[in-house]
Amino acid sequence: MASIRRTLSPYHDRQYQNGGGPYSPKLFSSPRHPSQLPEIAARVRGFLGYPPRKGQLGRRRAFIYRCLLFFFLGFLLGLAPFDHHVNDGDDEDIRGRRDNFSFEIKPPLVNAHQITTQNDVVSANEKSEALVDAVSLGLRFDLVPRKQLIVVTPTYGRPLQAYFLNRLGHVLRLVPPPLLWIVVETNPASMETAEILRKTGVMYRHLVCARNSTNVKDRGVHQRNTALEHIERHRLDGVVYFADDDNIYSLELFQSLREISRFGTWPVAMLAHSKNKAILEGPVCNGSQVIGWHTNEKSKRLRRFHVDMAGFAFNSTILWDPKRWRRPTSVPIRQLDIVKEGFQETTFIEQVVEDESQMEGIPPGCSRIMNWHLHLEARHFVYPRGWLLQKNLDVVLPIK
């Protein structure tokens, strides 16, 4: 019977036989050196959330470890600087595009020069391409915020009150914001006035004058003073303008008001009480400098400033910031009810400015009429409560 004998290695000085390496007991299993790969694989499976086998980590602990691992990786990525290198030429190009970016829509640029080839022939396609390249749309961020307009309107219950307030409200609605309409009414405030103000779509404040007066002159003075106290108390910043509800105004006037820095004035066209002639009252200007006044013969020697109540506007900070304008006194600026009718304007202006050098004529040259003062009030109408007639008309015509 044949037998097979294993040939022994001729190298007796090696500690391992048959090609075995010095690290094989640690990587491969043997009775003397068990392998660690199953344990490492079990830990990896636990981190990845695979179902645990018998004797391994639980699913909940593996899920927590995996969440902590990804949270730590995300935290490191968030701290990593994602920077890119920009050449000098690219930096100037980006800076130029940023400077040219604005909200202003520029008109299309038309290529005025003739595009010619060597034979001085331009095809239709080349013309259209040149025209498309010439159109540019620029957006700018250097927008200057508009000044707020604070329009003060005294009003009271009368037959044409609804008509006057609606007409003025529609005009103010066309004025670009910001605009605040302060409407002052005698006590008590009427629900009809509040309803009209709500429907105008203009930002408003409805105030009530506590001091009642039967005199029309004194009533308007107290109502304007109520608005001035409100502006001073709340430190409203803007240009204050007294706009009576029975006057007529143009949109150009409200656009010009935003150009006033301290005190602005302009001429006003008025209809005389006799209704047979027109009167022009206001400044005479050389550019924006006031050098004289338009007025009538009766009052030219009595009043210091010949301005109508609707012919001037001023910066609201004069009321509550006297140090800015170097006012000699901090006495509140108010209209006076102890002066004669027609002198409320000049006595009020004397508290705001010292002389014509502190005034601004608008528009330049004071050559345009921007508002009209017409005495069209009907004083003999019966005022219906709620602006509604409770009874039918006397005559009813049937429809034929």
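## A disulfide, two cores and an aromatic cluster

Colleague: What is the torsion about the S-S bond of C285 and C366, which makes the disulfide left-handed?

Modeller: This is a predicted model, in which local features need pLDDT of at least 70 and side-chain atom pairs count only at pLDDT 80 or more, whereas totals for chains, interfaces and linings use all residues. Residues are numbered from 1 along each chain as its sequence is written, and side-chain values use heavy atoms, with hydrogens and water left out. A disulfide here is a pair of cysteine sulfur atoms within 2.5 Å, and the one between C285 and C366 is left-handed because its S-S torsion is about -60°.

Colleague: How many residues apart in sequence are the parts that the pair of C285 and C366 ties together?

Modeller: A search of the whole structure finds 1 disulfide, and the sulfur atoms of C285 and C366 lie 2.0 Å apart. Because C285 belongs to strand β8 (residues 278-286) and C366 to the loop between β11 (360-361) and β12 (371-373), the pair ties together parts whose separation in sequence is 81 residues. Helices and strands are DSSP runs numbered from the N terminus, with at least four residues (H or I) for a helix and at least two (E) for a strand; the separation asked for is 81 residues.

Colleague: Which cysteine is partly exposed, C67 or C209?

Modeller: Buried means under 20% relative accessible area, exposed over 50% and partly exposed in between, with a 1.4 Å probe and protein chains only. C285 and C366 are both buried, and C209, at 2%, is buried too. A relative accessibility of 39% puts the remaining cysteine of your question in the partly exposed class, and that residue is C67.

Colleague: Which residue in the turn of the hairpin of β8 and β9 has a positive phi?

Modeller: Strands pair if DSSP finds at least two bridges between them, and β8 runs antiparallel to strand β9 (residues 289-294), joined to it by 5 bridges. One bridge partnership is that of N286 with Q289 in β9. The two strands form a hairpin with 2 residues between them, and the turn residue with a positive phi, about 75°, is G287.

Colleague: Which strands are the edge strands of the open sheet that contains β8 and β9?

Modeller: The open sheet has 5 strands in the order β5-β12-β7-β8-β9, with mixed pairing. The strands that pair on one side only are its edges, namely β5 (248-249) and β9.

Colleague: Where does E345 lie, given that UniProt places the feature "active site" there?

Modeller: The "active site" label at E345 comes from an unreviewed UniProt entry; positions are given in the numbering used here, feature names are shortened, and annotations may be inferred rather than shown by experiment. E345 is buried, at a relative accessible area of 10%. Counting contact as heavy atoms within 4.5 Å, E345 touches V307, D308, M309 and F312, leaving out residues up to four places away in sequence. Its place in the chain, residues 344-352, is helix α11.

Colleague: Which residues touch the most other members of the largest nonpolar core?

Modeller: A nonpolar core is a set of buried Ala, Val, Leu, Ile, Met, Phe, Trp, Tyr and Cys residues joined through side-chain atoms within 4.5 Å, and the largest one holds 33 residues. Apart from it lies another core of 29 residues, among them V175, L179, L197 and V268. In the largest core, the members that touch the most others are I182, F242, F312 and F314.

Colleague: Which residues form one aromatic cluster with F312?

Modeller: Rings of Phe, Tyr and Trp (its six-membered ring) pair if their centres lie within 6.5 Å, and planes under 30 degrees apart count as stacked, over 60 as edge-to-face and the rest as tilted; the structure holds 12 aromatic pairs. F263 and F312 are stacked, 5.7 Å centre to centre with 15° between the planes, and because F263 lies in strand β6 (residues 263-265) and F312 in strand β10 (residues 312-315), the pair ties together parts 49 residues apart in sequence. F312 and F348 are tilted, at 6.1 Å and 35°, and this pair links strand β10 to helix α11, 36 residues apart. The cluster joins F312 with F242, F263, F314 and F348.
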